[in-house]
Amino acid sequence: MKTGTDRVKRGMAEMQKGGVIMDVVNAEQAKIAEEAGAVAVMALERVPSDIRAAGGVARMADPRIVEEVLNAVSIPVMAKARIGHIVEARVLEALGVDYIDESEVLTPADEEFHLLKSDFTVPFVCGCRDLGEAARRIGEGASMLRTKGEPGTGNIVEAVRHIRKVNAQIRKVVSMNEDELMTEAKLLGAPFELLLEIKRLGRLPVVNFAAGGVATPADAALMMQLGSDGVFVGSGIFKSENPAKFARAIVEATTHYQDYKLIAELSKDLGTPMKGIEISSLAPEARMQERGW
Amino acid sequence: MIKVGVLALQGAVREHIQSLEACGVEAVAIKHKEELKDVDGLILPGGESTTMRRLIDKYDFMDSLKEFAREGKPMFGTCAGLILLAKNIVGYSEPHLGVMDVTVERNSFGRQVDSFEADLAVKDVAGGFPAVFIRAPHIVEAGENVEILSKHDGRIVLAREGQFLGCSFHPELTDDHRLTAYFVEMVKEAKSQKQAV
C-alpha cells in the first residue's frame with residue numbers, strides 16, 4: 001500500500017474535472033459553495049480582490065479558518081501557501097488539507113525557487129502562463145495546473161491569453177519531430193522528458209484548470225471551450241450580490257459550456273458582477289502573474 | 001455490438017471512455033437524459049458525488065436513471081458512482097439512486113493525504129489488480145444478494161448485485177482494463193438475454 005504516489009495525487013485532480021473550485025473565507029461560505037455544487041473549496045483569509053485592495057504581505061490563511069472550513073464540508077478543501085514557503089506548505093499538509101495551491105496570489109517567500117512538491121504527500125496545484133512554466137512546475141512535482149490569469153481583477157483577458165498560449169505550445173510540441181524537442185525544451189525552459197511525454201499523450205500529463213479573472217458564467221464557459229479542464233473562481237462569487245445563485249450559475253455553465261440557451265438563462269438577473277479592473281491600469285509590480293520563476 | 005455510456009456531468013469521464021474503447025466497445029459521454037436510451041450499460045464515474053447529485057437534480061436525470069436501472073441494464077459505479085448507486089449512505093437520511101443493496105460510507109479511508117494505491121485480489125478477474133483509492137468510500141454492509149468481489153484491509157471495496165457493479169477505487173486511472181472488460185461482459189450478457197426473451 002503506497003500513499004502520495006503520482007497516480008493518487010494526479011488522480012485526485014482528475015476527479016475534479018468539469019467542476020468549479022470556489023474561494024471561501026469561512027465555514028458559512030464553504031457550505032454555500034458545497035450546496036451550489038462546487039467540487040472543492042479554497043480556504044483563504046481574504047479573496048484575491050481584497051488582497052489586492054489591502055496591499056502589504058499576503059500569507060497563508062490562519063489555520064483556524066482552514067480547520068473551520070475542513071470541518072464544515074465533505075468536499076475537498078484546498079489552501080494556498082506562498083511560493084517557496086516550505087513551512088507554510090508543511091503546516092497545511094499537517095492540517096489535513098486535500099490540495100495545496102503554491103500561489104502567486106500570496107506574496108512569494110522565495111524569489112528564485114519554488115517548492116519541491118514531489119517531496120510532499122499532499123498534492124499541489126500551481127499557476128502557469130506558458131508551457132515552459134507549466135512543465136517546470138510539473139517537473140517539481142505539481143499534480144495539477146491552472147492558468148494564472150490576473151487574480152482579483154474580474155477580467156478574463158489574461159486567463160484567455162494563458163490558456164491559448166499553453167495549448168498552442170502543446171500543439172507545436174505534438175507536431176514536432178522528436179529530434180527537435182531538445183532545442184524546444186531549451187527555448188521553453190522545460191524538462192526534455194516532459195516534452196516527450198506531452199508529445200506522446202497529445203496533452204499535459206496533469207489536469208489544467210482556468211483561474212484568474214473568471215467573473216461571469218459566460219467567462220467560465222469560455223474557459224471550458226478554450227480547453228480548460230475546470231474552473232477556479234476567486235473573488236467573483238462572494239463579491240457578487242447573490243452568491244448562492246451566482247455560484248450555481250457558474251457550476252451549470254461549466255458543465256454545459258456549449259449550451260448557449262442555458263447560459264443565457266443562467267446569466268439573467270444575477271445582479272451586478274464584481275467591478276473589473278482593466279489590466280493596463282495595473283502597474284507591472286501589481287500584476288500577480290509576474291510572480292513565479 | 002453494444003454501446004456503453006459514461007455519465008458526463010462531472011469527473012473522470014475521459015478515462016472511462018478510453019478504458020471502454022480499449023475493451024473494444026463504443027463509448028458515449030452522456031450529458032443529457034435523452035441520451036440514456038441509446039446505451040446498453042452505464043458507468044457512473046468518480047468525481048464529487050455532491051456535485052453530480054446537484055446536476056442530476058437540476059437536469060431531471062434522476063427518473064431516467066432509475067428507469068434505466070428498472071430496465072435491467074447494467075450500471076457500474078466507481079468511487080462517487082458507487083455512492084450514487086447505494087441504497088444507504090452512512091450519515092445521510094436519503095440515498096441518491098438507491099438501487100444497489102449496500103450501505104456505503106463516504107471518505108472512509110481519510111482525507112487526500114491518506115489516499116493510496118494497492119494491489120487487490122479480485123474474484124473472477126485478477127489475483128493482483130492495481131487499485132487507486134482517492135478519498136474513497138467503502139461498503140460497510142452488503143445485502144444478501146450482493147456478491148463481494150474484493151476486500152482491502154477487511155473492508156469491502158468491490159461488489160456486484162446482479163446488474164449493478166460498484167467499487168471504491170478507480171479502475172479507469174490505470175492501464176489495466178480487466179475490470180472494465182468484466183463490466184462490458186455484464187452488458188453483453190444483459191443485452192443478449194433481453195434479445196432472447
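Buried means under 20% relative accessible area, exposed over 50%, and partly exposed in between. The exercises below use this cut-off on a predicted model.

**Exercise 1. A salt bridge within chain A**

Task: state which residue forms a salt bridge with A:Glu140, where the two partners lie, and whether they are buried or exposed.

Solution.
1. The partner is A:Lys117, and the closest N and O atoms are 2.7 Å apart.
2. A:Glu140 belongs to helix 6 (residues 131-140) of chain A, while A:Lys117 sits in the loop between strand 5 (99-103) and strand 6 (124-128).
3. The two residues are 23 residues apart, and the pair links distant parts of the chain.
4. Both A:Glu140 and A:Lys117 are buried.

**Exercise 2. A salt bridge between chains**

Task: find which residue of chain A forms a salt bridge with B:Lys58, and classify B:Lys58 and its partner by accessibility.

Solution.
1. B:Lys58 pairs with A:Glu252, with 3.8 Å between the closest N and O atoms.
2. B:Lys58 lies in helix 2 of chain B and A:Glu252 in helix 12 (residues 243-255) of chain A, so this salt bridge joins two chains.
3. The relative accessible area of B:Lys58 is 43%, so B:Lys58 is partly exposed.
4. For A:Glu252 the value is 2%, therefore A:Glu252 is buried.

**Exercise 3. A salt bridge within chain B, and a network**

Task: classify B:Glu71 and B:Lys73, which form a salt bridge, then name the residues that shared partners join into one network.

Solution.
1. In the pair B:Glu71 and B:Lys73, the closest N and O atoms are 3.5 Å apart.
2. B:Glu71 has a relative accessible area of 35% and is therefore partly exposed.
3. B:Lys73, at 14%, is buried.
4. The network consists of A:Glu14, A:Lys17, B:Arg14 and B:Glu15, joined by salt bridges that share partners.
5. Over all chains, a search of the whole structure finds 34 salt bridges.

**Exercise 4. The surroundings of B:Thr51**

Task: locate B:Thr51, decide whether B:Thr51 is buried or exposed, and list what B:Thr51 touches beyond four places away in sequence.

Solution.
1. B:Thr51 is part of helix 2 (residues 49-58) of chain B.
2. Its relative accessibility is 1%, so B:Thr51 counts as buried.
3. Leaving out residues up to four places away in sequence, B:Thr51 touches A:Gly37, A:Ala38, A:Val39 and B:Gln10.
4. B:Gln10 and B:Thr51 are 41 residues apart in sequence, with a C-alpha to C-alpha separation of 7.5 Å.

Notes
Residues are numbered from 1 along each chain as its sequence is written. Chains are lettered from A and ligands numbered from 1 in the order in which they are written. This is a predicted model: local features need pLDDT of at least 70, side-chain atom pairs count only at pLDDT 80 or more; totals for chains, interfaces and linings use all residues. Side-chain values use heavy atoms; hydrogens and water are left out. Helices (H or I, at least four residues) and strands (E, at least two) are DSSP runs, numbered from the N terminus. Buried means under 20% relative accessible area, exposed over 50%, partly exposed in between (1.4 Å probe, protein chains only). Contact means heavy atoms within 4.5 Å. A salt bridge is a side-chain nitrogen of Lys or Arg within 4 Å of a carboxyl oxygen of Asp or Glu.
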